[in-house]
Every structure is written in structure tokens, then in C-alpha cells.
Protein chains: 4
Amino acid sequence: MSNIRVGMIGYKFMGKAHSNAYRALPMFFPNVTRPQMVAICGRDAAGVEQARAQFGWESAETDWRNLIVRDDIDVVDINAPSDAHKEIAIAAAAAGKHIFCEKPLALNLADSIDMLNAAEKAGVKHMVGFNYRFAPAVQLAKKLVSEGRLGKIFHFRGFFLQDWIVDPQFPLVWRLQKEIAGSGSHGDLGAHVIDMARFLVGEFQEVIGMSETFVKERPLPTTMTGLSAKGDADAPKGQVTVDDATLFLARFANGALGSIEATRFAPGHRCTNSFEINGSKGSIKFDFERVNELQVYFTDDADDVQGFRRVLATDAAHAYSENWWPAGHTIGYEHTFTHEMVEFMNAIAEDRQPVPNFVDGVECQAVLEAVDKSIEERRWVAISELR
Amino acid sequence: MSNIRVGMIGYKFMGKAHSNAYRALPMFFPNVTRPQMVAICGRDAAGVEQARAQFGWESAETDWRNLIVRDDIDVVDINAPSDAHKEIAIAAAAAGKHIFCEKPLALNLADSIDMLNAAEKAGVKHMVGFNYRFAPAVQLAKKLVSEGRLGKIFHFRGFFLQDWIVDPQFPLVWRLQKEIAGSGSHGDLGAHVIDMARFLVGEFQEVIGMSETFVKERPLPTTMTGLSAKGDADAPKGQVTVDDATLFLARFANGALGSIEATRFAPGHRCTNSFEINGSKGSIKFDFERVNELQVYFTDDADDVQGFRRVLATDAAHAYSENWWPAGHTIGYEHTFTHEMVEFMNAIAEDRQPVPNFVDGVECQAVLEAVDKSIEERRWVAISELR
Amino acid sequence: MSNIRVGMIGYKFMGKAHSNAYRALPMFFPNVTRPQMVAICGRDAAGVEQARAQFGWESAETDWRNLIVRDDIDVVDINAPSDAHKEIAIAAAAAGKHIFCEKPLALNLADSIDMLNAAEKAGVKHMVGFNYRFAPAVQLAKKLVSEGRLGKIFHFRGFFLQDWIVDPQFPLVWRLQKEIAGSGSHGDLGAHVIDMARFLVGEFQEVIGMSETFVKERPLPTTMTGLSAKGDADAPKGQVTVDDATLFLARFANGALGSIEATRFAPGHRCTNSFEINGSKGSIKFDFERVNELQVYFTDDADDVQGFRRVLATDAAHAYSENWWPAGHTIGYEHTFTHEMVEFMNAIAEDRQPVPNFVDGVECQAVLEAVDKSIEERRWVAISELR
Amino acid sequence: MSNIRVGMIGYKFMGKAHSNAYRALPMFFPNVTRPQMVAICGRDAAGVEQARAQFGWESAETDWRNLIVRDDIDVVDINAPSDAHKEIAIAAAAAGKHIFCEKPLALNLADSIDMLNAAEKAGVKHMVGFNYRFAPAVQLAKKLVSEGRLGKIFHFRGFFLQDWIVDPQFPLVWRLQKEIAGSGSHGDLGAHVIDMARFLVGEFQEVIGMSETFVKERPLPTTMTGLSAKGDADAPKGQVTVDDATLFLARFANGALGSIEATRFAPGHRCTNSFEINGSKGSIKFDFERVNELQVYFTDDADDVQGFRRVLATDAAHAYSENWWPAGHTIGYEHTFTHEMVEFMNAIAEDRQPVPNFVDGVECQAVLEAVDKSIEERRWVAISELR
């Protein structure tokens with residue numbers, strides 16, 4: 001098959017991560033159909049041109065409407081801020097392009113459903129960027145669950161803890177503004193945990209949550225890029241309109257119990273995207289800050305040597321590992337995107353929907369929104385109420 | 001001051017732990033008023049006599065009513081099964097004895113309040129057995145919070161995870177029967193976490209929980225002692241009438257958010273009584289399986305060396321440590337009881353109420369019961385509703 | 001069998017540890033013949049009387065010569081400073097007493113051989129205090145090796161790291177004076193590692209070492225007890241006459257390679273007595289600061305879940321554990337002494353030599369001395385040269 | 001400055017790692033002079049052409065003699081098997097090319113000196129591939145040492161543990177053949193530890209070592225690539241002519257003591273390149289399997305919170321981190337090569353020698369050889385004897 005020609009909208013944190021993934025594919029996954037980095041798009045002409053040159057794209061666009069109708073583009077990769085996802089995705093689908101969309105799929109469930117419908121109607125491939133699924137240690141977790149090696153699942157405990165806005169002088173970046181970000185910790189971090197739970201345990205049935213904004217006003221930012229920003233204590237202040245932390249309890253359709261938390265107020269945790277699963281035959285633990293490792297416990301180990309094993313998921317037995325380096329030679333955050341794009345390219349080449357796709361984006365959004373509703377109405381909310 | 005003369009009711013797991021603590025005091029805390037091990041009490045004459053000889057008590061009783069009226073007893077230590085606590089404690093108070101009562105204080109809040117009232121009316125000292133407070137690492141946690149070194153508290157995450165009943169053939173011991181134990185994981189394990197939260201963060205304001213009994217029927221036990229038991233798969237079965245797991249979310253009076261879980265269905269966790277606290281100036285983490293350690297993070301550490309410190313709480317700077325062994329020479333589970341009895345003996349000698357006392361037992365019971373109510377009524381319950 | 005009547009010489013750090021072990025036996029090991037704490041001995045009458053009362057001995061002596069001839073003593077427990085071991089042990093043997101002697105057995109190999117000969121000639125039981133063997137996690141290590149579950153042993157890496165004298169103002173305590181202590185880190189800490197290696201791997205064949213005294217002069221102490229002491233920077237100084245650190249390489253008789261280090265100059269290590277063993281079928285790791293844990297790796301674990309298991313050696317399957325607390329309820333440093341005394345009492349009751357005994361003390365001393373000789377002569381020294 | 005044009009000899013494990021680094025530079029370090037991937041060279045025409053296409057080189061050569069004289073090449077990157085380094089490097093120097101050479105620089109000290117002399121005489125830049133220096137956590141270690149934050153250094157303990165040839169049926173790959181590899185664990189793994197010690201502690205003064213080949217015969221390989229290979233138990237066998245494990249003790253010029261070990265017989269260790277340094281003001285620990293982390297201890301931390309900090313070296317305060325991802329988003333093995341090439345490109349652009357360069361390669365070789373000599377002659381060997 002010939003190359004798959006990509007046009008990408010967005011060129012900041014996620015744009016860099018996606019570009020790196022596209023660049024890595026031909027070298028590390030030579031058997032995967034090659035993505036051709038045809039065009040990158042952003043509103044600021046100088047910024048996007050710099051990104052084009054730096055990331056290695058063939059051309060640049062400043063209006064996404066122009067990008068999505070280009071004949072030389074097969075795929076549209078959307079990693080612009082969350083509030084732009086819907087319009088772009090629907091237009092891209094209408095233009096017959098396959099779509100990769102960063103999470104959260106949309107600012108709300110209704111929008112995400114519109115996006116799914118548009119993609120399905122257009123008959124294009126669609127994928128959503130839950131990249132953490134693609135860590136080899138997480139793939140191992142999935143394998144253990146799928147093969148029944150953990151037995152019946154009792155518990156899922158998932159926490160995404162960060163600390164980048166603990167300082168009340170940290171400025172009011174776009175991720176703290178509801179109209180752009182849609183949500184705070186809940187949608188940014190909690191969405192990843194929800195997807196992980198769905199991936200490993202199954203569908204949510206009902207939820208109840210709570211949330212808090214610990215710092216309600218922040219100085220307006222003077223510069224802003226990715227997760228970092230510079231502020232000025234004397235700058236005028238604005239309202240923080242998203243949650244700093246959201247926690248919720250959940251019951252899964254299969255009877256498992258869940259406890260999920262997303263917060264940006266956990267000092268010492270730069271990026272603790274962690275989970276533990278307990279089943280009748282064993283348990284597993286994962287922490288993204290040690291992305292190569294999975295802790296694994298089996299109840300049927302010999303009596304005198306039972307204990308959590310620290311598995312370094314870099315062996316030949318582990319997903320993707322043979323494409324990288326010898327056993328024990330670790331990979332990092334960015335590789336999750338490369339693996340994600342392996343799935344996207346393969347799905348297009350094999351004419352099947354990639355996983356996770358917009359259905360997963362919608363389901364995740366439904367859970368997010370059910371949690372929001374449960375917070376607002378202070379009661380348990382069934383996911384089915386939302387659909 | 002002369003010795004404090006103790007009569008103890010109960011001689012199984014907790015009776016052994018308390019006896020060991022009393023025995024350790026004169027040797028390791030020679031400046032503390034000495035507990036005199038006057039009498040031990042249990043219903044089975046042979047059993048209690050064996051315990052008397054083994055644990056080193058001067059005499060034995062088979063009826064607690066006889067014990068509490070003995071003139072040569074100053075203190076009654078109650079560690080019989082939970083359903084017996086109330087009657088004994090009220091009678092002991094009426095007899096003018098100081099009271100140490102194992103947790104949970106009672107089977108329900110009303111009973112625990114009766115016990116507190118009786119003790120207060122009688123003017124006796126009363127203490128409740130939340131022994132985990134007395135690990136030096138937990139004392140260090142308290143010190144850091146109290147001195148403001150963690151700043152304003154945002155989050156408390158507490159988990160008590162065990163795995164001793166994951167096997168569905170594990171028999172129906174008394175801890176799985178509501179009429180004796182009052183509660184399952186929630187009252188047995190969750191109570192410790194609730195107390196830890198109250199000790200370190202402050203009072204609970206409102207809660208919402210969920211619970212599950214994963215294995216609803218179990219074989220009746222053939223033998224039973226402490227946490228271990230032997231069963232027989234062919235034995236007749238009985239209903240498990242307590243929770244296997246209970247989780248809840250909480251809001252504290254000071255605005256902090258809490259997530260608490262107690263389960264006996266977490267394979268690989270023999271006794272993970274763990275918590276994490278995040279504050280504006282730092283964070284701490286504790287896991288009872290590594291009882292000598294506290295993980296400590298400070299936001300004001302130099303930029304390039306920020307990270308959780310693994311503090312081994314065996315230095316001279318740590319509570320109780322100089323009474324034991326040189327720095328780095330660890331202690332274990334049993335020592336938490338010894339420290340607890342240091343507090344109890346000191347409080348009596350100093351004519352003050354020990355901490356934690358029945359007030360703490362009542363408050364813990366109120367939270368437990370609020371969680372139960374929140375589960376039953378599927379809504380947030382304020383602790384104030386219960387009082 | 002009737003009680004075994006003990007007379008103990010020494011009442012500081014080790015005297016306290018031994019006393020605690022004797023006290024614990026009847027309660028936690030009721031089936032073991034009971035040690036009767038008949039007499040404690042020390043030169044300072046007031047000090048020893050205080051220890052007697054505090055530790056629970058029946059009587060006190062101020063001259064060990066009186067103690068060892070008492071008719072009401074079956075066993076002499078020697079934990080006086082190292083320079084006194086030889087004379088006491090030989091006299092105790094002559095008096096027909098069984099002997100427990102703390103490590104190091106003597107100040108040098110010749111003395112230790114004299115002690116062994118005296119004990120053998122007298123036909124008494126003799127034991128040496130390598131207490132670390134008796135941690136349940138170490139017993140598990142032994143079991144794994146003995147049962148061949150690690151296969152052929154390739155490597156032993158043992159490190160005893162402490163940091164209590166890093167400060168150059170720490171005073172010149174007796175452990176830093178060769179005429180009393182015999183040796184510094186090497187004899188105090190290295191001896192434990194050597195014994196561990198002999199216990200788990202087998203006999204040493206040849207060694208080569210190096211050592212250093214980083215701080216060559218220290219203030220004379222104003223007070224001194226156990227491992228702690230107070231000094232005064234203005235106090236007159238004296239020469240440190242022992243090693244601060246000693247390292248050596250070793251070849252074992254079975255072909256395994258060893259690397260061993262003892263130092264008191266490793267900041268952050270309060271008491272890291274650690275080892276790792278690599279064999280053809282697996283590996284194990286131990287660190288005394290986490291005394292309840294053994295890390296275990298097996299080469300024949302399934303391909304996708306290979307990793308070191310953290311085994312908490314508190315299960316019923318682990319040595320001594322059922323005598324203490326339920327699984328997951330940890331023990332500490334002091335318990336190694338209790339287990340040691342279980343072996344000593346059992347050996348006497350069963351009329352067999354305990355293990356480890358003076359033969360082990362002699363072999364350890366031979367290795368220590370071979371290392372010293374290798375340092376002095378800057379060459380490999382076979383252990384056989386010393387005997 | 002215009003691009004720096006690279007010709008690379010070798011296209012297996014290291015060739016892949018270097019190619020990836022060259023590709024990453026323009027994207028992640030846009031301010032660094034860009035390496036232009038002009039030509040890749042290998043003896044097998046089909047193999048090198050495949051690598052060319054996969055790794056993204058402009059042209060391919062099958063004879064390195066042709067490569068090094070090409071006008072369009074500024075730099076020769078040598079990562080062919082070790083036995084080819086010398087001839088190529090000397091010829092490249094003669095051709096006036098800057099040289100990057102993988103470690104070990106040569107098969108022996110004399111050869112490495114010849115290479116250094118040739119490079120110096122030609123006035124070209126020369127660098128040697130000690131990539132582990134370039135992990136951000138190791139750069140932090142260097143910074144702490146250099147700024148005196150660890151005080152005077154007492155100890156260096158370095159271990160490179162692997163397990164890929166524990167199975168005696170693993171075939172006789174080129175790394176196990178002295179005539180090609182020069183050395184076994186010692187030169188392959190130990191060289192990295194020696195360089196780390198030199199980087200962080202300083203020059204070696206004298207050493208004494210031991211080594212062993214545990215499996216002396218192995219089946220001849222049927223296929224071979226990188227660190228993996230497939231064998232056949234029935235294949236004819238050949239002699240293993242290198243060491244499986246080499247250990248040595250060292251004294252550094254500054255008085256510090258060292259213990260270093262390299263082995264391929266440590267089950268459970270895929271790639272444990274670890275070290276610990278103890279100084280008068282603190283200690284640090286590193287393990288490559290957790291490449292993003294440095295453990296740091298300071299003696300002047302407050303009394304009650306002393307402990308090793310786990311520093312995740314992904315903050316803005318850490319070397320290279322701002323070029324990658326936000327704090328907490330980890331990198332892996334391959335990034336050490338990218339950073340290495342940053343240094344190489346910068347040095348050329350700034351007309352200075354890169355570090356580490358052939359001097360470091362020579363010094364490392366001198367230590368390796370001193371250890372070999374110490375093993376052969378069973379005595380301490382001063383590094384100065386070798387020069």
C-alpha cells in the first residue's frame with residue numbers, strides 16, 4: 001500500500017508528540033504503512049511555519065478549512081484545543097478524511113455523539129488519542145485481564161495526580177478555562193483513567209462524584225505554551241472556571257467497584273497516572289512515572305514466594321518491544337504515541353476501525369458527564385441516563 | 001506512683017497484642033507507670049488459663065462480671081469480640097474502672113454514645129484502640145501536619161487492603177457475621193482509616209459510599225482463631241452478612257477531599273493500611289506493610305532535587321525511637337500497641353484523658369454509620385445528621 | 001524439661017536485645033523450653049542493678065567470675081565488649097556452662113579457636129550471635145538456596161552500610177578503638193555479611209580486600225552508650241585505630257564470586273545490611289531496613305511476567321511467622337534475637353549443637369583475618385593459609 | 001553554521017541508536033547544528049541498503065574506505081564491531097574527518113592510544129560513546145558532585161548486571177568471542193561503569209580484580225543480531241573466550257574507594273547499570289532500569305525528615321528536559337544518544353573537543369587493562385603502570 005497522507009491541525013504539546021510518532025514509524029515499524037507528513041496547520045503563520053520546519057512537515061496551512069479539503073490528504077489529525085475538535089472533525093468527515101482526534105473528543109457528550117455520527121455516516125476511520133493504552137506495560141495488563149489470568153475483577157483504583165498548579169500564582173492558562181478546555185482535571189486527567197478502566201475492566205454502570213476548585217482566582221498569563229506558563233503576581237486576575245480535582249466512585253457493569261481521582265493538587269506527583277486492579281486470581285499495579293513497569297501478583301504462586309512482581313515490560317514477550325531496543329533498555333512517554341499511530345495506520349491499511357475510536361471517546365465523555373451530573377445533583381447517576 | 005493494675009477481657013489476637021504491650025512497658029519505657037497484669041478473663045476456663053500462663057497474667061477469670069468488680073483492678077481492658085464491648089464497658093465504668101476498649105468501640109453509634117456517656121458520668125479514663133496512630137512514622141506525619149509543614153491540606157487518600165478471604169472456600173468466621181462483628185471491612189479496616197483521617201486531617205463533614213459482598217455464602221468454619229481459620233469445602237454453608245468491601249468519598253470540615261476504601265478482596269495485599277495526604281507545602285505517604293517508613297515531599301526543596309523522601313522513622317528525632325534500638329533497627333506491628341499503652345498509662349498517671357478516647361471512638365462510629373446510611377439511601381450524608 | 005537457667009554478662013545494647021528475647025520466648029514460643037533469667041552481670045553495680053530491674057532478671061552480679069560458677073546457672077550469655085569474650089568463654093566452658101557469645105567471637109582467629117577448643121573439650125553447647133540469619137526473610141532465602149530453587153550460585157553481593165560516624169565530630173567511642181573492638185566496620189558489620197554468605201552460599205576460598213579510615217582523629221567522648229554518644233568539638237582528640245570501611249572480593253569454594261563491603265560512611269544508610277544472590281535459576285535480594293521482605297526472581301516464570309517479587313515473609317509459609325501475628329503484620333529487628341534464642345534453647349533441650357556455633361564464629365574470624373592479611377600484604381589470601 | 005555531514009559505519013544495534021539520535025536532533029534540539037545523514041556503510045549490500053532506507057540515510061556504502069574519503073562527509077561515526085574501530089578511526093583521522101567512536105574505543109590500550117594520537121595529530125574532533133553520561137539523572141548526579149553538594153566522596157559502588165546469557169544454550173555470539181569483542185562483561189558493561197566513575201568521582205589510582213567464565217562452551221549461533229540470537233542445542237559448540245563476569249576494587253586518586261562489577265549472569269537484571277556514591281554531605285543512587293530517577297540524600301536535611309529522595313529528573317531544572325516533554329513525562333534509553341549527539345554537534349560547531357572524547361576512551365581502556373593485568377598477576381595494579 002502507498003503512504004497514508006496526513007494533515008495535522010495543532011502544533012503545540014500534542015502536535016509535537018504526534019509529529020514525533022509519525023517520524024518514528026518508518027524507522028521503528030518499517031512494516032507499517034508509512035504516514036506521509038503532508039501538511040501542518042495552525043492559525044499563527046510564523047508559529048506554524050517554524051513547527052513545520054522543526055517537525056518535518058512538507059507544507060503548512062493557517063486555516064483548517066483549507067487543510068481538510070486538500071486532495072493530497074487522507075487523514076486529518078486534530079490536536080487543536082478541545083473547543084475546536086467538533087467543528088473540525090465533522091467537516092473532515094464530510095470531506096471524506098479519516099480522523100485522528102485527541103482526547104477529550106469534545107467539550108460535552110452531545111458534541112462527541114455528533115462527531116461519531118458524522119464519522120460513521122461518512123464511513124471514515126476514526127480514532128481518539130487515549131495514548132496510555134499503548135504503553136507496553138498497559139498492553140500487558142490488558143493481556144493478563146483478557147486471558148483470565150487475574151480472574152474475576154473486584155476492584156479498579158485509578159488516580160491521575162499532578163502538581164503543576166499548586167502554586168496559587170501559577171497563571172490562568174487555557175486549560176483552566178471551561179469555555180476552551182471544557183473541563184479541568186476531570187476531562188484532562190480523569191478522562192485517561194476512565195478510558196483505562198473501560199479498556200481493562202469494562203463499561204461503567206453508575207457513578208457518583210465530587211469536585212473542588214481549590215484556587216478560585218489566578219493571575220492572567222503573560223506567556224503560555226503546553227503545560228508551562230509564566231505569570232506575574234501583579235497581573236490582573238481571572239476566575240478559574242474548571243475543577244482542580246474530581247473524584248468519583250463507580251460500579252461497573254460486571255460488578256467490579258471503582259474509585260477514580262484526578263487532581264492537579266498533589267505535590268510530588270508530576271504525572272502519576274496510576275491504577276491498580278484486583279481480581280480473584282491476581283492483581284496488577286501501574287504508575288506512568290515508571291511507564292516500563294507493571295507490578296503483577298498471582299494468587300496461585302507457591303505459598304512461600306507470593307508477592308508483587310516488578311515486570312519490566314521490555315522483553316520480547318511484551319508488545320512493541322522488539323521494535324525498539326534490547327530487553328531492559330527502556331522507552332518513555334513519547335513511545336505511547338508511536339504505538340498509537342501504529343494502530344491507526346494499520347487500521348486504515350486493513351480497512352477496519354482502529355481502537356480506541358470515537359465510540360470510546362463518546363463512552364468516556366458519557367462517564368465524564370455522568371460524573372458531572374452526579375456532582376451537580378448530589379446523587380448516583382447511571383451512565384444509561386445520559387444516552 | 002504505684003503500679004496500675006489491669007484486668008483484661010479477651011485473650012485471642014488482640015489479647016495477645018495487649019499482653020505483649022503491657023509486658024514491654026517496664027523494660028522499654030521504665031519511666032512510665034508500670035501496668036500490673038493482674039487478671040485475664042475469658043469464657044473458656046482451659047483456654048484462659050493457658051493464655052494466663054503464656055502471656056504472664058497473675059490470675060484468670062471466666063466471667064467478666066467478676067473481673068470488673070475486683071478491688072485489685074484499676075483498669076479494664078476490653079478486647080472481646082465487638083458485640084460484647086458495650087455491656088462490659090458500661091459495667092466497668094459503673095464499677096469505677098478506667099477503660100481501654102478495642103475498636104470498633106461498639107456495633108453502632110448509639111451504643112458507642114452510651115459507652116461514652118457512661119464513662120464520662122463515672123469520671124473514669126477511657127481509651128479506644130486505634131493503634132496505628134502510634135507508629136513512629138504516623139507520629140511523624142502528625143507532627144508535620146501540626147507544625148504546618150504540609151500547608152493547607154487538599155487531599156486524603158486512605159486504603160486498607162487485605163486479601164485473606166479472597167478464596168470463596170475460606171470459612172464463615174465471626175468477622176463475617178454482622179451480629180458479632182457489626183460490620184465487615186468497613187468497621188474492621190475502614191475504621192482505622194477513618195481514625196487516621198481524623199487524626200491527621202480533622203473532622204469529616206459529609207460522605208457517600210458504596211459497598212459489596214463479593215462472596216455471599218461460605219462454608220461454616222470447623223476451627224477459628226484470630227484471622228486464620230480452617231474450613232471444609234463440603235461443610236454446610238452460611239450467609240456472609242457483612243461487607244467485603246466498602247468505599248466512600250468524603251468532604252472534611254476544613255475543605256479537604258477524601259477517598260477511603262476498605263476491602264478484603266485485594267490479592268497481594270496482606271495488610272496494606274496506607275494513606276497519602278497532599279497539602280499546599282508538601283505531601284506524605286504511608287503504608288503499614290513498611291511501618292517504619294514515611295514518604296515525605298516538600299514543595300520548597302531546591303528545584304533540582306525535589307522528590308519524595310523515604311524517611312526511616314527510627315532516628316532519635318522520631319517518637320518513641322530512643323526507647324527501642326539504634327537508628328535503622330526497625331520495629332514492627334506489635335510496637336504500636338506498646339506505644340498506645342504508654343499513652344494510656346501516662347494519661348492515668350497524669351490524671352487526664354488519653355487520646356484517642358471514647359470521643360474518638362464515637363466520632364469514628366458516626367462516620368462509619370453515615371457511610372452506611374449513605375449506601376442505604378444512595379445519597380450524601382452529613383455526619384451532623386447522625387448526632 | 002525444666003527451665004534453662006541463664007546468666008548474662010553485659011547489659012547495654014546487646015544485653016537489652018538478649019533480655020527482650022528471653023522475655024519473649026515463653027509468650028510467643030510456649031513450646032520451647034523456657035529460659036529462666038537468673039542473673040545479669042556487669043562491672044558497675046548501680047548500672048547493672050538498674051538493668052536487672054528494668055530487664056527482669058532475678059539477680060545481679062558485678063564480677064563475671066562469680067556468675068559463671070553459680071550452681072543455679074546452666075547457660076552463660078556473653079555480650080560484654082569484644083575484648084572480654086575469650087577469657088569469659090573459656091572460663092564458662094571450664095565451669096561446664098553452655099555458652100552463647102555475641103559476635104565477633106573474639107578479637108582474632110587464634111583466640112576464637114581457643115574458645116572453640118575449650119567449648120568442645122568441655123562438651124558444652126556453644127552458639128554465636130549472628131542474629132540476622134534468623135529474620136524470616138533470610139530463612140526463606142536459605143530455604144530457596146537449599147531446595148535448589150536458585151540453581152547453581154554465581155554471585156554473592158553483600159553490603160553493610162551505616163552512617164553514624166560520618167560527622168568528624170562524632171566522638172571516639174569504644175567501637176572505634178582497636179584494643180577493645182578488635183576491628184571497625186570490618187569486624188562489626190562485615191562479620192555479619194561474611195556469616196550471611198557462609199550461611200547462604202558456602203565456604204570462602206580466597207579473598208582480597210582494601211580498607212580505609214577516613215577520619216583519623218576524633219574528640220574523646222563525654223558520654224557513651226550503645227551506638228549513640230555525645231561529644232564535644234573542643235574535647236581532646238584521640239586516634240581512631242580501626243577501619244571506617246573495608247571492602248573485599250572473594251571466591252567461594254563452590255566457584256561463586258563474592259563482593260563484600262562494610263562501611264560506616266554511607267550517608268542515608270542507617271543500617272543497610274543487604275545482599276543479593278544470583279543463581280542459574282533465580283536471584284534473591286534482601287535489605288535489613290526492610291527486614292520483613294525478600295525480593296525473589298525465578299528464571300522459569302512465564303515469559304511475559306518475569307520480575308522480582310517482593311515477598312513479605314509474614315505468611316504461614318514463612319519461618320516463625322505463625323508464632324507472631326497474622327500475615328502482613330510485620331516484625332522488626334529485635335525478633336531476630338528471639339528466633340536465635342529459640343534455636344539455642346531447642347539445641348540444649350535436644351542435646352545437639354546449635355547453629356550457628358563457635359565453628360561458625362571461627363570460620364567467620366578466619367575470613368575476617370584473611371581479609372586483614374590480604375590488605376596488609378596486598379595480595380590474595382586463601383582462607384586455608386590461616387588455619 | 002551549515003549542516004554537519006555524517007557518514008556512519010555500522011548499522012545494527014548501535015547504528016540504529018545513532019540514526020535515531022541524528023533524526024531527533026532537528027526536531028527536539030532545533031538550535032543545535034543539524035547533522036545531515038549523508039551515508040551509511042556496511043559490508044552487506046542488501047543489509048545496508050535496507051538500513052539506509054529504514055533509518056533515513058541519503059546514500060549507502062559497502063566499503064568504509066570509500067566512505068571516509070568522501071568529500072561530502074565531515075564526520076565519521078564508527079559503530080562497527082570493536083575489532084574494526086582502530087583501523088577505521090586512524091584512517092578517518094588521516095582523511096581529516098571528525099570522529100565519533102562507540103565504546104570500547106579499541107580492543108586494547110595500545111590501540112586506543114594510537115587512535116587518540118592519530119586524532120590529535122590530525123587535529124580533528126573525537127568523541128567516544130559513553131552514552132549513559134547523558135541521562136538527565138546522571139547529569140544531575142554530576143551537577144551535585146561538581147557543586148560540592150555531596151561533599152568529599154568516600155565511596156563509589158557501580159554494578160552493571162545483565163542476564164541475557166544465563167541459559168547455557170544461548171549461542172556463541174560475537175560478543176562472546178575475544179578476537180572480535182576484545183572482552184566480555186568487563187569491556188562491554190564494566191567500561192560504562194568505569195567511565196561513570198571517572199565522570200563522577202575522578203581518576204582511578206589502582207585496582208585489583210577477578211573474573212570468571214561460568215559457561216565455557218556454547219552452541220555456535222545460527223542467526224545473530226544485536227543482543228538477541230537464536231541457537232540450536234544440537235549445534236556444534238565453540239569456546240567462550242571472554243569473561244562472563246568481572247569484579248574489581250579500586251582506589252581513586254582523591255582517596256575514594258570503589259567497588260565495580262560487570263556480569264551477564266544476574267537473573268532478573270535485564271540492564272541494571274547502577275551506581276551509588278557516598279560523600280560527606282550526601283549520597284546518590286542511580287539505576288538505568290529507572291533511567292529518569294536519581295535517589296538523593298543530604299546529611300543536612302532536617303533531623304526528622306532525612307531520607308533518600310526519589311528525584312524524577314524531568315523537571316525544567318534538569319538537563320535537556322525542556323527539549324522534550326512536560327515534567328513527569330519520561331524519556332528512555334535512546335534519548336541518551338540524542339543528548340550525546342547534541343554534545344558532539346555543539347563541540348564541532350564551537351570548535352572545541354567534545355566530552356567524553358578519545359582521552360576518556362584511553363583512560364577507560366587503561367583501567368580495563370589494569371584490571372586484566374591485576375587478574376592475571378593476582379595483585380594490585382596502579383593505572384600508572386599501564387601508561
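Chains D and A of this predicted model meet through the same surface, since 100% of the interface residues of chain D are also interface residues in chain A. The model is predicted, so local features need pLDDT of at least 70 and side-chain atom pairs count only at pLDDT 80 or more, while totals for chains, interfaces and linings use all residues. Residues are numbered from 1 along each chain as its sequence is written, chains are lettered from A in the order in which they are written, and side-chain values use heavy atoms, with hydrogens and water left out.

A rotation of 180° with 0.0 Å of shift along its axis lays chain D on chain A, at an RMSD of 0.0 Å. The superposition is by least squares on the C-alpha atoms of residues with pLDDT of at least 70 in both copies. D:Gly332 comes closest to this axis among the residues of chain D, its C-alpha lying at 2.4 Å.

Contact (heavy atoms within 4.5 Å) involves 39 residues of chain D and 40 residues of chain A. The buried area, meaning the accessible area (1.4 Å probe) that two parts lose on being put together, summed over both, is about 3500 Å² for this pair. Carbon and sulfur atoms give 53% of that area. D:Met27, D:Trp325 and D:His329 lose the most area to chain A in chain D, together 20% of what that side buries.

Between chains D and A there are 6 salt bridges, each a side-chain nitrogen of Lys or Arg within 4 Å of a carboxyl oxygen of Asp or Glu. A:Arg290 pairs with D:Glu293 in this way, with the closest N and O atoms 2.7 Å apart. Polar contacts are pairs of N or O atoms within 3.5 Å; within protein, one must be able to donate a hydrogen and the other to accept it, and residues adjacent in sequence count only if both atoms are side-chain atoms. The D–A interface has 19 residue pairs in polar contact, both residues at pLDDT 80 or more. Helix 1 (13–28), helix 2 (45–55), strand 18 (307–312) and helix 9 (334–349) of chain D each supply at least two residues of the side that touches chain A. Helices (H or I, at least four residues) and strands (E, at least two) are DSSP runs, numbered from the N terminus. Helix 1 of chain D gives the largest share of that side, 9 residues.

The interface of chains B and A takes 45 residues from chain B and 45 residues from chain A. These chains bury about 3600 Å² between them, 61% of it on carbon and sulfur atoms. B:Met210, B:Pro267 and B:Arg378 supply 17% of the area that chain B buries against chain A, more than any other three residues. Across this interface there are 6 salt bridges. One of them joins A:Arg157 to B:Glu261, at 2.8 Å between the closest N and O atoms. Residue pairs in polar contact number 21, both members at pLDDT 80 or more. The elements giving two or more residues to the chain B side include strand 7 (153–161) and strand 8 (204–212) of chain B.

Chain B can be laid on chain A by a turn of 180° and a shift of 0.0 Å along the axis, with an RMSD of 0.0 Å. That is the relation of a two-fold axis. The C-alpha of B:Arg379 is the nearest to the axis in chain B, 2.7 Å from it.

Over all chains the structure holds 148 salt bridges. A:Asp188 and A:Arg264 form one of them, at 2.8 Å between the closest N and O atoms. The pair links distant parts of the chain, 76 residues apart: A:Asp188 is in helix 8 (residues 185–200), and A:Arg264 in the loop between strand 14 (257–263) and strand 15 (272–279) of chain A. Buried means under 20% relative accessible area, exposed over 50%, and partly exposed in between (1.4 Å probe, protein chains only). A:Asp188 is buried at 14% relative accessibility, and A:Arg264 is buried at 0%.

B:Asp304 forms a salt bridge with D:Lys143, the closest N and O atoms being 2.5 Å apart. B:Asp304 is buried at 4% relative accessibility, whereas D:Lys143 is partly exposed at 30%.
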